Amino acid sequence: MNGSLTFTASFLIFAETFLTVFSCSVLPEGNLTIGLILPYRRTAGGSRGLRGIHYASAITIAVDNINKDPNLLPGIRLSFIWNDSECTEEKSIQAFLSQWERSVDGFIGFGCNCHTQARLAAALNLPVVSHVSTNIFLD
């Protein structure tokens with residue numbers, strides 16, 4: 001199995017686990033929207049990081065699998081909104097704000113650098129899980 005495929009499989013397992021646990025702790029029933037912000041492409045100013053093009057489709061599979069199982073999250077319909085951070089902090093913050101305005105219930109992602117976005121989410125009492133973010137200030 002090549003590295004990209006291995007990471008995609010790992011991300012799929014991570015996403016399904018996170019979405020299931022997160023969903024159970026947030027809503028007794030209703031809709032749950034996750035904001036997904038990934039470094040899909042890299043611009044000239046973007047830092048080097050794992051590109052979401054190799055694993056972004058895993059979230060679609062995870063959400064579909066969760067929604068298809070009536071016993072997994074009874075009464076909850078899961079969906080997601082995604083944006084490309086291009087591995088730049090500015091694009092990632094813009095995506096965060098755009099998704100927050102659309103009332104997401106939590107976030108997966110940011111990638112590359114997530115210090116500012118994580119602090120914003122904390123101030124807004126929204127959960128964040130980052131699978132590839134690197135920041136020495138996140139202890």
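How much area does the chain expose, and what share of it do carbon and sulfur atoms supply? The chain exposes about 7,600 Å², and carbon and sulfur atoms supply 54% of it, with accessible areas taken from the Shrake-Rupley method with a 1.4 Å probe, where for residues only the protein chains shown count as cover.

Before going on, I should say that this is a predicted model, in which local features need pLDDT of at least 70 and side-chain atom pairs count only at pLDDT 80 or more, while totals for chains, interfaces and linings use all residues. Residues are numbered from 1 along each chain as its sequence is written, and side-chain values use heavy atoms, with hydrogens and water left out.

Let me turn to the overall layout. The chain has 4 helices and 4 strands, where helices (H or I, at least four residues) and strands (E, at least two) are DSSP runs numbered from the N terminus, and from that terminus the elements run α-β-α-β-α-β-α-β. Of the 139 residues, 40% count as buried, meaning under 20% relative accessible area, with exposed being over 50% and partly exposed in between (1.4 Å probe, protein chains only).

Next, the interior. The largest nonpolar core, a set of buried Ala, Val, Leu, Ile, Met, Phe, Trp, Tyr and Cys residues joined through side-chain atoms within 4.5 Å, has 11 residues in all, among them L32, I59, L78 and I108. To this core β1 (30–38), α2 (57–68) and β2 (76–84) each supply at least two residues, and β1 gives the most, with 4 residues. A second, separate core of 10 residues includes A95, F110, C114 and L126.

Staying with α2, its buried residues are A58, I59, A62, V63, I66 and N67. These cover an arc of only 160 degrees around the axis, which puts them on the same side of α2; the arc is that of the directions from the helix axis to the C-beta atoms.

Finally, which aromatic pair does the structure hold, and why is it called stacked? A search of the whole structure finds 1 aromatic pair, and because the ring centres of F96 and F107 are 4.5 Å apart with their planes at 20 degrees, the pair is stacked. Rings of Phe, Tyr and Trp (its six-membered ring) pair if their centres lie within 6.5 Å, and planes under 30 degrees apart count as stacked, over 60 as edge-to-face and the rest as tilted. The pair links distant parts of the chain, with F96 in helix α3 (residues 89–101) and F107 in strand β3 (residues 106–109), 11 residues apart, and both F96 and F107 are buried.
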